[in-house]
Amino acid sequence: QVQLVESGGGLVQPGGSLRLSCAVSGFTLKDWDIGWFRQAPGKEREGISCISSRDGRIYYAGSVKGRFTISRDNAKNTVYLQMNSLKPEDTAVYYCAADPKVSGTCRGYEYDHWGQGTQVTVSS
């Protein structure tokens, strides 16, 4: 079955860095759209960064552009989210999601397969 497992979350001070990992199984990573999303309590789920399986184009939300970097290692079936210059407003549960039919968008409702999430807390 398709599985996605996030790891790497934790507590970090503002300005710090953290790298999240998403280990996938049950599908070939390069053939599916993959993305990172986050949701803070009481707020709408937000697409952070997504990679299109069609052409490899990468989307970044304006709130994280220049600070976060998405990457994938197809051989290791793992997707990463490098987060630098973290801010308190980055505090959220971060989810990895994948779907074979998404056409390069970064809208959460279009993704059918999700990980369990990993908590990121940025606080001084």
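Are Cys22 and Cys96 buried or exposed? In this predicted model, both Cys22 and Cys96 are buried. These two residues belong to one of the two disulfides that the structure holds.

The sulfur atoms of Cys22 and Cys96 lie 2.2 Å apart, and the two residues form a disulfide. Rotation about the S-S bond of this link amounts to -85 degrees, and the link is left-handed. Cys22 is located in strand E3 (residues 18–25) and Cys96 in strand E9 (residues 92–99), so the disulfide ties together parts of the chain that are 74 residues apart in sequence.

The other disulfide connects Cys50 with Cys106, with an S to S distance of 2.0 Å. Distant parts of the chain are linked by this pair: Cys50 is found in strand E5 (residues 46–51), whereas Cys106 sits in the loop between E9 and strand E10 (113–114), and the two cysteines are 56 residues apart. For Cys50 and Cys106, the torsion about the S-S bond is about 65 degrees, and the disulfide is therefore right-handed. With respect to solvent accessibility, both Cys50 and Cys106 are buried.

The arrangement of the two links along the chain may also be described. When the bonded cysteines are numbered in sequence order, the pairing is 1-3, 2-4. In terms of handedness, the link of Cys22 and Cys96 is left-handed, while that of Cys50 and Cys106 is right-handed.

Note on methods
Residues numbered from 1 in each chain as written. Predicted model: local features only at pLDDT ≥ 70, side-chain atom pairs only at ≥ 80, totals over all residues. Heavy atoms only, no water. Disulfide = S-S within 2.5 Å. Helix = DSSP H or I, 4+ residues; strand = E, 2+ residues; numbered from the N terminus. Buried < 20%, exposed > 50% of the residue type's maximum accessible area, 1.4 Å probe, protein only.
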